[in-house]
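Visitor: I would like a close look at a single part of this model. Please take the sheet, and follow it outwards to whatever packs on it or is tied to it.

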Amino acid sequence: MKYIVNIILIIVLLSSCSQQRPDTSAFDAGMAKFERNKAIADKSFNLFIARDLDGMMDMHSEDLIWSPASTNDTLSKAAFREGMAGWMSEFDAFTFVNRQYYPGVGEDFIPDGSVRTYGTWIGTHKSGKQTTTKYYSVTQFNDEGKITADLEYFDLGGVFDQLED
């Protein structure tokens, strides 16, 4: 009898230790979107550095929402193009170093395909002065891989301060 009780006890203990694997399909799908979109974001930064404004604009949807560091408003793709052209006309060169990309998440903390970018922009102004500023952005994408929202945060006033004599 003692032998049967011990076997039953062992079976109960072993069966209670087995756990079902959690369903990670939503997380995996979100990470796959993030990886695809991270490459798109990286390419967009590289096109800016290369001063390829048309190539950069092709990566953004027509209904782009742009929120630059200079305002709390959301602006259009036309305003985005104008803003990028302004930076390109005032600066001779840019580099974007220490790039770090992280997935954005929804309210359920599952990656949603958006990309959070951290890095440091170094610019050479047409006056010859060099500027450096830390940068953070959140980019969101549609199913076609176009950027639908570009929310940027950096110290714009600090950039202008570096250009003063």
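Guide: What follows starts with the sheet, goes on to the strands and helices around it, and ends with the salt bridges.

This is a predicted model, in which local features need pLDDT of at least 70 and side-chain atom pairs count only at pLDDT 80 or more, while totals for chains, interfaces and linings use all residues. Residues are numbered from 1 along each chain as its sequence is written, and side-chain values use heavy atoms, with hydrogens and water left out.

The sheet is open and has 5 strands in the order β1-β5-β4-β3-β2, with mixed pairing. Its edge strands are β1 (60-67) and β2 (91-105), each of which pairs on one side only. From one strand to the next the twist averages 25°. Strands here are DSSP runs of E with at least two residues, helices are runs of H or I with at least four residues, and both are numbered from the N terminus. Two strands count as paired if DSSP finds at least two bridges between them. Angles run from 0 to 180 degrees between N-to-C directions, with axes fitted as lines to C-alpha atoms, for helices over the stretch in contact.

Strand β5 (residues 147-154) is antiparallel to β4 (residues 130-141), with 7 bridges between the two. Among the bridge partners, S137 is matched with E152 of β5, and Y136 with Y153 of β5. The two strands form a hairpin with 5 residues between them, and G145 in the turn has a positive phi of about 85°. On the β1 side the sense changes: β1 and β5 run parallel and are joined by 4 bridges. There, S67 stands opposite L151 in β5. Of the 8 residues of β5, 6 are buried, so the strand is largely enclosed by the rest of the structure. Buried means under 20% relative accessible area, exposed means over 50%, and partly exposed lies in between (1.4 Å probe, protein chains only).

Two residues show the surroundings in detail. Y135 lies in β4 and counts as buried because its relative accessibility is 6%. Leaving aside neighbours within four places in sequence, the contacts of Y135 (heavy atoms within 4.5 Å) include F45, F96, T117, W121, D150 and F154. E152 is also in contact with Y135, and a polar contact of 2.8 Å joins the side chains of Y135 and E152. A polar contact is a pair of N or O atoms within 3.5 Å; within protein, one must be able to donate a hydrogen and the other to accept it, and residues adjacent in sequence count only if both atoms are side-chain atoms. The C-alpha atoms of Y135 and V97 are separated by 10 Å, with the two residues 38 apart along the chain. S61, in β1, is buried at a relative accessible area of 7%. Not counting residues up to four places away in sequence, S61 touches K77, N142, K146, I147 and T148.

Next come the helices. Helix α4 (residues 77-90) packs on the sheet, touching β1, β2, β3 (111-125) and β5, and its direction makes about 70° with that of β1. Helix α5 (residues 156-163) lies across β2, β3, β4 and β5, running at about 155° to β4. Its buried residues are L156, G158, V159 and L163. They cover an arc of only 165° around the axis (taken from the directions from the helix axis to the C-beta atoms), which puts them on the same side of α5. The cover over these residues includes α4, β2, β3, β4 and β5.

Finally, the structure holds 5 salt bridges, each a side-chain nitrogen of Lys or Arg within 4 Å of a carboxyl oxygen of Asp or Glu. One of them joins R99 and D42, whose closest N and O atoms are 2.6 Å apart. R99 lies in β2 and D42 in helix α2 (residues 25-49), so this pair ties together parts that are 57 residues apart in sequence. R99 is partly exposed at 24% relative accessible area, and D42 is partly exposed at 25%. Another salt bridge joins K126 and E90, with the closest N and O atoms 3.3 Å apart. This pair links the loop between β3 and β4, where K126 sits, to E90 in helix α4, 36 residues apart. K126 counts as partly exposed at 48% relative accessibility, as does E90 at 33%.
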